[in-house]
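The exercises below ask you to work through the packing and the charged pairs of one protein chain. Please have the sequence and the coordinates open while you read.

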Amino acid sequence: MGWSSAGHIFDPVARALIDAGVDGPTKRKVLGDLIGRLQDGDWDTEDESLEEFLDDPDVVAAFADRGVTLPVDPEAELVAARAENDELRERVADLERQLAARDRA
């Protein structure tokens with residue numbers, strides 16, 4: 001029988017590190033160590049905490065370092081990749097406009 005309440009420990013610590021602006025490598029190390037300790041206590045709902053922090057690559061990496069990943073939904077990944085691609089195209093176009101304006105000046 002696993003320990004499902006460890007998220008009540010992990011989630012506030014992760015949120016505090018994020019809110020405090022802790023650098024990525026430190027956050028990854030601290031949370032990785034915490035994940036390991038909680039897993040030693042038979043934490044069995046790591047995926048639920050991972051889902052809460054999918055927007056933070058350092059938290060996701062800390063989980064992956066400890067063998068916790070989520071199944072990839074190819075459709076969702078494609079949508080996200082296309083959106084990122086569109087954002088990059090817009091950024092490139094903006095930079096090109098800035099350079100053209102600078103060259104005209």
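What follows is a set of exercises, each with a worked solution.

The model is predicted, so local features need pLDDT of at least 70 and side-chain atom pairs count only at pLDDT 80 or more, while totals for chains, interfaces and linings use all residues. Residues are numbered from 1 along each chain as its sequence is written, and side-chain values use heavy atoms, with hydrogens and water left out.

**Exercise 1. Classify the ring pair of Phe 10 and Phe 53, and state which parts of the chain the pair ties together.**

Step 1. Rings of Phe, Tyr and Trp (for Trp the six-membered ring) pair if their centres lie within 6.5 Å, and planes under 30 degrees apart count as stacked, over 60 as edge-to-face and the rest as tilted. The structure holds 4 aromatic pairs by this rule.

Step 2. For Phe 10 and Phe 53 the ring centres are 6.1 Å apart and the planes stand at 80°, so the pair is edge-to-face.

Step 3. Helices (H or I, at least four residues) and strands (E, at least two) are DSSP runs, numbered from the N terminus. Phe 10 belongs to helix H1 (residues 7-19) and Phe 53 to the loop between helix H3 (46-52) and helix H4 (57-65), so the pair ties together parts that are 43 residues apart in sequence.

Step 4. Both Phe 10 and Phe 53 are buried, where buried means under 20% relative accessible area, exposed over 50% and partly exposed in between (1.4 Å probe, protein chains only). Ring pairs also link Phe 10, Trp 43, Phe 53 and Phe 63 into a cluster.

**Exercise 2. Identify the elements that build the largest nonpolar core, and then describe the surroundings of Val 59.**

Step 1. A nonpolar core is a set of buried Ala, Val, Leu, Ile, Met, Phe, Trp, Tyr and Cys residues joined through side-chain atoms within 4.5 Å. The largest one has 15 residues, of which Phe 10, Leu 31, Ile 35, Leu 38, Trp 43, Val 59 and Phe 63 touch the most other members.

Step 2. The elements that give two or more residues to this core are H1, helix H2 (24-40) and H4, and the largest share, 4 residues, comes from H2.

Step 3. With contact taken as heavy atoms within 4.5 Å, and leaving aside neighbours within four places in sequence, Val 59 is in contact with Phe 10, Ile 18, Lys 27, Leu 31 and Phe 53.

Step 4. Val 59 is one of the buried residues of H4, together with Ala 61, Ala 62 and Phe 63, and the cover over these buried residues includes H1, H2 and H3.

**Exercise 3. Compare the salt bridges Asp 56 to Lys 27 and Arg 28 to Asp 65 in terms of burial and of the parts they link.**

Step 1. A salt bridge is a side-chain nitrogen of Lys or Arg within 4 Å of a carboxyl oxygen of Asp or Glu, and the count comes to 8 salt bridges.

Step 2. In the bridge of Asp 56 with Lys 27 the closest N and O atoms are 2.7 Å apart. The pair links distant parts of the chain, with Asp 56 in the loop between H3 and H4 and Lys 27 in helix H2, 29 residues apart, and both Asp 56 and Lys 27 are buried.

Step 3. Arg 28 and Asp 65 meet at 2.7 Å, N to O. Arg 28 lies in helix H2 and Asp 65 in helix H4, so this pair ties together parts that are 37 residues apart in sequence. Arg 28 is partly exposed at a relative accessible area of 35%, and Asp 65 is partly exposed at 49%.

**Exercise 4. Is Glu 46 buried or exposed, and which side chain makes a polar contact with the side chain of Glu 46?**

Step 1. Glu 46, placed in helix H3, is buried yet has no salt bridge, and the nearest side chain of opposite charge, Arg 66, is 9.6 Å away. For charge, Lys and Arg count as positive and Asp and Glu as negative, while His and the chain ends are not counted.

Step 2. The side chain of Glu 46 makes a polar contact with the side chain of Gln 39 at 3.0 Å. A polar contact is a pair of N or O atoms within 3.5 Å; within protein, one must be able to donate a hydrogen and the other to accept it, and residues adjacent in sequence count only if both atoms are side-chain atoms.
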